[in-house]
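Trainee: I'd like to learn how to read a sheet and then a single loop residue. Can you walk me through this one?

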Amino acid sequence: MTWKLYNDAAGTQVFSGTMPFVTTSDNPGVPQDAVLYYIEKELDPVDNGAYRMVAADGGNILLFPSDLNPGTGHEVAEIKLATSAAGLDFATAGAPLSLGPQLYSGVSNAVAVHVRVTTSITTPGVSIELGFDKNETHILAA
């Protein structure tokens, strides 16, 4: 059982690591936003919240932005994460996002992860190297 990031709230399109942040020569430094959804639905296909994820250390579950190809494309220091669009204005670039002390399985318990990239890239292209890590967790029956 794994929580995964999806491109849609229904959990039909698994996030591949490619984000549609298009940089053109006339928009470097312009923040671009996207939303992903953190969902566990493989062992909870009936969407009843039968499982929960907790942090192994008893604290909060943290989601960290990561750079899958350092030195190229977007750097972690250009990525902000928040649980709402408004929260992106106050988020710290490169910092982990706290998802709280527990998450429940099922599509109805999807957690929105808002992502903002403010790029320093001036070469036109699409970002294909963004990743996300989390702290150590345990899965328990709800």
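**Reading the sheet**

Mentor: Let's begin with the sheet: four strands make an open sheet, ordered β1-β3-β9-β6, with antiparallel pairing. Its edge strands are β1 (4-6) and β6, each pairing on one side only. On average, neighbouring strands here are turned by 30° against each other, direction ignored. This is a predicted model, where local features need pLDDT of at least 70, side-chain atom pairs count only at pLDDT 80 or more, and totals for chains, interfaces and linings use all residues. Residues are numbered from 1 along each chain as its sequence is written, and side-chain values use heavy atoms, leaving out hydrogens and water.

Trainee: What counts as a strand, and when do two strands pair?

Mentor: Strands are DSSP runs of E, at least two residues, numbered from the N terminus; two of them pair if DSSP finds at least two bridges between them. The angle uses axes, lines fitted to C-alpha atoms, and runs from 0 to 180 degrees between N-to-C directions.

Trainee: How many bridges join β3 to β9?

Mentor: Seven, with β9 covering residues 111-117; one of the partnerships is Asp33 with Arg116. Three bridges join β1 to β3 (residues 32-39), including Tyr6 with Tyr37 and Leu5 with Tyr38.

Trainee: And Thr83: where is it found?

Mentor: Thr83 lies in the loop between β6 (79-82) and β7 (97-98). Contact means heavy atoms within 4.5 Å; beyond four places in sequence, Thr83 touches Leu97, Ser98, Leu99, Ala112 and His114.

Trainee: Why does Thr83 count as partly exposed?

Mentor: Because its relative accessibility is 46%: buried is under 20%, exposed over 50%, partly exposed in between (1.4 Å probe, protein chains only).
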